[in-house]
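Visitor: Hi, I've just opened this one and I'm new to it. Could you walk me through it?
Guide: Sure, let's put it up first.

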Amino acid sequence: MDTQLLPDNFLTTRLKKVVNWSRRSSLWPMPFATACCGIELMATGASKHDIARFGAEVMRFSPRQCDLMIVAGRVVMKMLPVLQRIWLQMPEPKWCISMGACASTGGVFDTYSVVQGIDRFLPVDMYVPGCPPRPEQLIQSILDLQEKIRQTGTVTGKEFAKRTKPEGPALVVAPPKDLVVAPGDFSTSTRQWER
């Protein structure tokens with residue numbers, strides 16, 4: 001008689017599937033909406049689009065109760081410490097969606113005060129393109145995130161251990177003479193660039 005009734009790792013595989021199913025089916029979004037993308041985010045939660053169909057209906061404004069941050073709209077440098085503090089207060093496992101061109105790349109605001117992509121400061125899981133993106137695009141990104149959670153999640157959450165620093169693009173280091181972009185004669189300025 002065969003003493004092994006169940007295949008190896010049967011229980012852990014089943015437990016992993018149950019845990020991933022519960023994680024993906026009960027996402028609690030933390031909205032961080034600062035501009036016109038916030039209106040589309042509100043429309044996504046309204047009755048016409050109704051993200052409650054996908055298990056992401058409970059928008060909480062307490063970061064300790066959320067596991068999905070949706071950054072919708074432009075983020076300025078003064079807001080960045082607040083955004084990072086909210087992210088750090090959210091319990092693991094947590095995910096992030098960058099909604100719109102401004103949150104993803106700075107959009108049309110190519111200025112010193114607007115963050116040129118939040119992925120330099122937070123680990124972003126999904127990007128939603130558009131200016132502003134339609135509610136259907138946000139719903140599709142939530143569905144894609146749920147599929148990612150289903151495929152990659154573990155019971156212990158070891159996939160989040162590598163999230164110790166942001167996974168954005170590296171900073172381009174340029175010589176000081178290349179950093180001056182304003183036209184004019186700076187010979188009388190107090191700081192002289194290397195020649």
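Guide: We'll go through the sheet, then a helix, then a few prolines; keep in mind that this is a predicted model.

Visitor: Okay, the sheet. How many strands form it, and in what order?
Guide: Four strands make an open sheet, ordered β1-β2-β3-β4, and the pairing is parallel.

Visitor: Which ones are the edge strands?
Guide: Those are β1 (29-33) and β4, each of which pairs on one side only.

Visitor: And what holds paired strands together in general?
Guide: Strands of a sheet pair through backbone hydrogen bonds, in either a parallel or an antiparallel way.

Visitor: Let's go pair by pair. How many bridges are there between β1 and β2?
Guide: Five bridges, in the parallel sense. Met 30 has Met 69 in β2 as its bridge partner.

Visitor: What about β2 and β3?
Guide: Strand β2 (residues 68-72) pairs with β3 over five bridges, in the parallel sense. Met 69 turns up here too, opposite Cys 96 in β3.

Visitor: How does the chain get from β2 to β3?
Guide: It crosses through helix α3 (residues 80-89), and this β-α-β crossover is right-handed. Helix α3 lies across β1, β2 and β3, and runs at about 165° to β2.

Visitor: That leaves β3 and β4. How many bridges there?
Guide: Three, again in the parallel sense, with β4 covering residues 126-128. Met 99 stands opposite Val 128 in β4.

Visitor: Is β3 enclosed or open to the outside?
Guide: Five of the five residues of β3 (residues 95-99) are buried, so this strand is largely enclosed by the rest of the structure.

Visitor: Which of its residues point which way?
Guide: Trp 95, Ile 97 and Met 99 point one way, while Cys 96 and Ser 98 point the other way, and all of them are buried. In a regular strand, side chains alternate between the two faces of the sheet.

Visitor: Switching topic: what can you tell me about helix α5?
Guide: Helix α5 spans residues 135-152, which makes 18 residues. From its first C-alpha to its last it reaches 26 Å, close to the 26 Å expected at 1.5 Å a residue.

Visitor: Which of its residues are buried?
Guide: Pro 135, Leu 138, Ile 139, Ser 141, Ile 142, Leu 145, Gln 146 and Ile 149. Looking down the axis of α5, these buried residues fall within an arc of 160°, so they line one face of the helix.

Visitor: Now the prolines. Where are the cis peptide bonds?
Guide: One joins Glu 92 and Pro 93, with omega at about -5°. Pro 93 sits in the loop between α3 and β3. Another joins Cys 131 and Pro 132, where omega is about -15°. Pro 132 is in the loop between β4 and α5.

Visitor: And where is Pro 133?
Guide: Pro 133 is also found in the loop between β4 and α5.

Visitor: Is Pro 133 buried or exposed?
Guide: Its relative accessibility is 0%, and buried means under 20%, so Pro 133 counts as buried.

Visitor: What does Pro 133 touch?
Guide: Leaving out residues up to four places away in sequence, Pro 133 touches Cys 37, Glu 40, Met 99, Gly 100 and Val 128. Met 99 and Val 128 are the two that stand opposite each other in β3 and β4.

Visitor: How far is Pro 133 from Cys 36?
Guide: Along the chain they are 97 residues apart, and their C-alpha atoms are separated by 9.5 Å.

Definitions and conventions
Residues are numbered from 1 along each chain as its sequence is written. This is a predicted model: local features need pLDDT of at least 70, side-chain atom pairs count only at pLDDT 80 or more; totals for chains, interfaces and linings use all residues. Side-chain values use heavy atoms; hydrogens and water are left out. The expected span of a helix is 1.5 Å times one less than its number of residues. Buried means under 20% relative accessible area, exposed over 50%, partly exposed in between (1.4 Å probe, protein chains only). The arc is that of the directions from the helix axis to the C-beta atoms. Two strands pair if DSSP finds at least two bridges between them. A crossover is right-handed if, with the strands pointing away from the viewer, the path from the first strand over the helix to the second runs clockwise. Contact means heavy atoms within 4.5 Å. Axes are lines fitted to C-alpha atoms, for helices over the stretch in contact, and angles run from 0 to 180 degrees between N-to-C directions.
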